[in-house]
Amino acid sequence: MKLATIRVNGTTRAVRIDDDKAVDLGENDLVTFLRHSDWAARAANADGEMYEGALDYAPVVVAPEKVVCVGLNYRTHILEMGRELPSHPTLFSKFARALVGAYDDVTLPASSTQMDWEAELGVVIGAEVRHADTERARAAIAGYTVLNDVTARDWQYRTTQWDQGKTFEATTPIGPWLVTADDPAVAPQGLSLSCEVDGDTVQKADTGDLVFDPVALVAYLSEIITLVPGDVIATGTPGGVGHARKPARYLQDGSLLVTRIEGIGETRNTCRRETR
């Protein structure tokens, strides 16, 4: 099943995506909808208003309580850099205002000249969970989505703490929908992930190469804080980022950024330089 948040008549609605139409789920957004303990059954049986034609996708989760991101999490990329595999996840956070829809423009801040791409698998939480074992961690995952952790490198590396480069407003596309965890399309251990910039494939990997997979991340994070419906975990990016290239390459005004994950979908965003 595919679930999304779309914009309709100046507001948003949570919907189930059925091929070329959307079925209203009775809530304004997917975060609110996921708070129902029986959300999966409600989604499967929904027969609300239908929306047809071109859909305007909001961020799949509007105003989540938490967006937790993971760094250095692709095995091949870590080893090729000559580093040892980490024993614990590297964590940082985003604020909700960083998120944009799957086809919205990505803002390139006026104060940064080094905006970089980071294609990632996003995990959306569907049940409150704390101190989870493997079984409970798996059960807490509502589904998976596409995300790009667009990063201001010149701000990220101003200090040893990364947050300031990671959460510029309107920089992080997410969506267009989540594919529920029980969907056969996302059942395989690994999914092909890629990123294109202006038609060039700049990243290509398999999510089976993650050091800490989604279930392990949910269990780990739930030791720190309670995860709640609508929370997002960005699981990390593989090699191929622009900052590591020689010479370095960054997103420019007008760049087309396409992030794609097998079995889930793609985001397609035009980058626009901020004007003040």
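In the predicted model, Arg158 is placed over the face of Trp155, at a distance of 3.6 Å from the ring centre. Beyond this arrangement of a charged residue and a ring, the structure contains four aromatic pairs.

One of these pairs is formed by Tyr57 and Tyr103, whose ring centres lie 5.9 Å apart and whose planes meet at 70°, so the geometry is edge-to-face, given that planes over 60 degrees apart are assigned to that class. Tyr57 belongs to the loop between β4 (50-52) and β5 (67-71), whereas Tyr103 belongs to the loop between β7 (99-100) and β8 (106-108), so the pair ties together parts that are 46 residues apart in sequence. The two partners can also be described by their exposure to solvent probes: Tyr57 has a relative accessible area of 8% and is therefore buried, while Tyr103, with a relative accessible area of 40%, is partly exposed.

Tyr57 also pairs with Trp177, and here the ring centres are 5.8 Å apart with the planes at 75°, so this pair is likewise edge-to-face. The contact connects distant parts of the chain, since Tyr57 is in the loop between β4 and β5 and Trp177 is in strand β13 (residues 172-180), at a separation of 120 residues. Trp177 has a relative accessible area of 13% and is therefore buried, because the limit for that class is under 20% relative accessible area. Taken together, Tyr57, Tyr103 and Trp177 make up one aromatic cluster, in which Tyr57 is paired with Tyr103 and with Trp177.

At the level of the whole fold, the protein comprises seven helices and 18 strands. For a chain of 276 residues, a compact globule would be expected to have a radius of gyration near 19 Å, and the value of 18 Å computed for the protein agrees with this expectation. The C-alpha trace extends over about 55 × 45 × 30 Å along its principal axes.

The packing of the chain can be summarised in further totals. Of the 276 residues, 54% count as buried, and Tyr57 and Trp177 are among the residues classed in this way. When contacts between residues at least 6 apart in sequence are considered, 73% of them join residues at least 24 apart. The pairing of Tyr57 with Tyr103, across 46 residues, and that of Tyr57 with Trp177, across 120 residues, provide individual examples of links between separated parts of the chain. The protein exposes about 12,200 Å² in total, of which carbon and sulfur atoms supply 48%.

Definitions and conventions
Residues are numbered from 1 along each chain as its sequence is written. This is a predicted model: local features need pLDDT of at least 70, side-chain atom pairs count only at pLDDT 80 or more; totals for chains, interfaces and linings use all residues. Side-chain values use heavy atoms; hydrogens and water are left out. Rings of Phe, Tyr and Trp (its six-membered ring) pair if their centres lie within 6.5 Å; planes under 30 degrees apart count as stacked, over 60 as edge-to-face and the rest as tilted. Helices (H or I, at least four residues) and strands (E, at least two) are DSSP runs, numbered from the N terminus. Buried means under 20% relative accessible area, exposed over 50%, partly exposed in between (1.4 Å probe, protein chains only). A charge sits over a ring if NZ of Lys or CZ of Arg is within 6 Å of the ring centre and within 35 degrees of the ring normal. The radius of gyration is taken over C-alpha atoms; the globule rule is 2.2 Å times the number of residues to the power 0.38. Contact means heavy atoms within 4.5 Å. Accessible areas come from the Shrake-Rupley method with a 1.4 Å probe; for residues, only the protein chains shown count as cover.
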